[in-house]
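Me: I'd like to learn how to read a few features of a protein model. Can we go through them one at a time?

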Amino acid sequence: MANTSCDIQAVKSFLLDLQDRICAALEAADGKATFVEDAWDREEEGNNPMALTGGGRTRVITGGTIEKGGVNFSHVRGAKLPASATANRPELEGRSFQAMGVSLVIHPENPYIPTSHANVRFFVAEKEGEEPVWWFGGGFDLTPYYPFEEDVVHWHQVSKDLCVPFGEDIYPKYKKWCDEYFFLKHRNETRGVGGLFFDDLNNWDGKVDFERSFAFMQAVGNGYIDAVVPIIERRKGMPWGERERKFQCYRRGRYVEFNLVFDRGTIFGLQTGGRTESILMSMPPVAHWDYDWNPEPGSPEERLYKDFLPHRDWV
């Protein structure tokens with residue numbers, strides 16, 4: 001196969017296997033709860049040009065160390081790309097598309113375990129008589145409430161290590177993109193401590209290269225397991241109380257704000273008439289907003305704002 005051609009079936013097979021392996025690793029780390037699967041299919045609905053067809057496997061875990069978590073696989077098709085996909089790429093106007101990916105958000109009950117998010121995805125935009133346009137995207141990021149430097153350094157070391165085989169510039173490039181992407185402009189603060197974020201990936205050293213792009217996407221998907229499991233294992237036995245829970249729920253509000261206002265995947269899914277239950281699976285089970293709240297000087301809560309949320313190099 002030429003490096004410019006894409007192998008849709010190989011990508012789908014990897015993503016299905018990745019979902020299985022992530023769920024197994026998270027169940028083992030949780031130690032109490034298991035995932036429940038909701039397999040779904042969607043047929044064409046009416047004359048809505050934005051309506052998607054396809055299907056997926058939504059898997060949800062609740063009631064254990066993980067208060068609420070979801071690991072989704074979907075493979076959908078559409079006759080027309082939405083505005084969110086063509087705004088910066090007008091050459092895609094008028095193309096049909098396929099999109100597939102694994103997307104997950106894990107909201108632990110214990111405030112000392114961070115919320116984590118990961119996503120790896122593949123898009124193909126097609127038009128009769130023309131070559132398909134394809135690209136990969138994804139990444140993973142960490143949102144702690146009561147962070148430990150050991151955990152954040154570990155998270156970024158895994159991120160850096162998986163990038164090294166693809167070039168010394170890859171980790172700094174995609175770390176910076178992650179820092180800039182997961183930023184709440186209306187709050188002037190980051191969502192968490194970052195990780196990796198990439199999109200529109202199909203080119204290496206000036207050449208379109210499917211095999212290398214696919215290999216990088218696989219490294220990111222596999223890397224999430226290595227990054228998150230040790231943190232859950234280290235923190236799940238730590239005692240916590242009402243104070244920590246209240247702050248966790250307050251900070252979860254930032255998660256909601258980002259996902260509904262800025263997140264590309266959420267916007268794309270809603271604009272294309274995607275499956276709402278799966279799209280909004282990322283929402284935390286409990287969150288709240290306190291008017292004009294500020295942490296006490298010298299408190300553990302202030303430490304998050306002063307020492308962890310500002311952009312910095314962790315490794």
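Me: Let's start with C163. Is C163 buried or exposed?

Reply: Buried: this is a predicted model, and in it C163 has a relative accessible area of 1%. The cut-off for buried is under 20%, so C163 clears that. C23, at 5% relative accessibility, counts as buried too.

Me: How many disulfides does a search of the whole structure find?

Reply: Zero. To read this, look at how far apart the sulfur atoms sit. For C163, the closest cysteine sulfur belongs to C178, and that sulfur is 11 Å away, which is too far for a bond. The cut-off for a disulfide is 2.5 Å between the sulfurs.

Me: OK, on to the nonpolar core. Which residues have the most contacts inside the largest one?

Reply: They are V11, L15, L26, F136, F216, M217 and Y224, in a core of 64 residues. Helix 5 supplies the largest share of this core, with 13 residues. Take F216 as a worked case: leaving out residues up to four places away in sequence, F216 touches L162, C163, F166, I170, Y174, F198, L201 and W204. So C163, the buried cysteine we began with, is among the contacts of F216. Another core lies apart from the largest one and has 12 residues, including W40, V76, A99 and F123.

Me: And empty space inside the protein, how do I read that?

Reply: Rolling a probe the size of a water molecule over the atoms shows where empty space is left. Here, a search of the whole structure turns up three cavities of 30 Å³ or more. The largest cavity has a volume of about 50 Å³.

Me: Which elements give two or more residues to the lining of the largest cavity?

Reply: Helix 1 (8-30), strand 4 (96-108), strand 5 (115-126) and helix 5 (210-235). Among the lining residues are L18, I22, V102, L104, V120, V220 and Y224. By class, the lining has eight nonpolar, three polar and no charged residues. Y224 turns up twice, as a lining residue of this cavity and as one of the residues with the most contacts in the largest core.

Me: Strand 4 came up there. What does I106 touch, leaving aside its neighbours within four places in sequence?

Reply: I106, found in strand 4, is in contact with L26, I66, K68, G69, G70, P114, T115, S116 and Y224. It is buried, with a relative accessible area of 1%. A sequence gap can hide a spatial link, so check C-alpha distances as well: I106 and P284 are 178 residues apart along the chain, yet their C-alpha atoms are separated by 8.7 Å.

Me: What about a charged residue? Is R251 buried or exposed?

Reply: R251 is buried, with a relative accessible area of 3%. It is found in helix 6 (residues 242-261). Not counting residues up to four places away in sequence, R251 touches Y145, E189, T190, R191, L304, Y305 and L309.

Me: Last one, backbone angles. What is phi of N188 near?

Reply: Most residues other than glycine have a negative phi, and most peptide bonds are trans. N188 has phi near 55 degrees, a positive value. N188 sits in the loop between strand 7 (183-184) and strand 8 (189-190), and is exposed at 61% relative accessible area. D205 also has phi near 55 degrees, in the loop between strand 10 (203-204) and strand 11 (207-208). D205 is exposed, with a relative accessible area of 70%.

Technical notes:
Residues are numbered from 1 along each chain as its sequence is written. This is a predicted model: local features need pLDDT of at least 70, side-chain atom pairs count only at pLDDT 80 or more; totals for chains, interfaces and linings use all residues. Side-chain values use heavy atoms; hydrogens and water are left out. On a 1 Å grid over the protein atoms alone, a cavity is a set of points where a 1.4 Å probe fits but cannot get out, and a pocket is an open set with protein on both sides within 12 Å along at least five of seven lines; lining residues have an atom within 4 Å of a point. Grid points are joined across faces, edges and corners, and a volume is the space filled by probe spheres set on the points. Helices (H or I, at least four residues) and strands (E, at least two) are DSSP runs, numbered from the N terminus. Ala, Val, Leu, Ile, Met, Phe, Trp, Tyr, Cys and Pro count as nonpolar, Asp, Glu, Lys and Arg as charged, and the others, Gly among them, as polar. A nonpolar core is a set of buried Ala, Val, Leu, Ile, Met, Phe, Trp, Tyr and Cys residues joined through side-chain atoms within 4.5 Å. Buried means under 20% relative accessible area, exposed over 50%, partly exposed in between (1.4 Å probe, protein chains only). Contact means heavy atoms within 4.5 Å.
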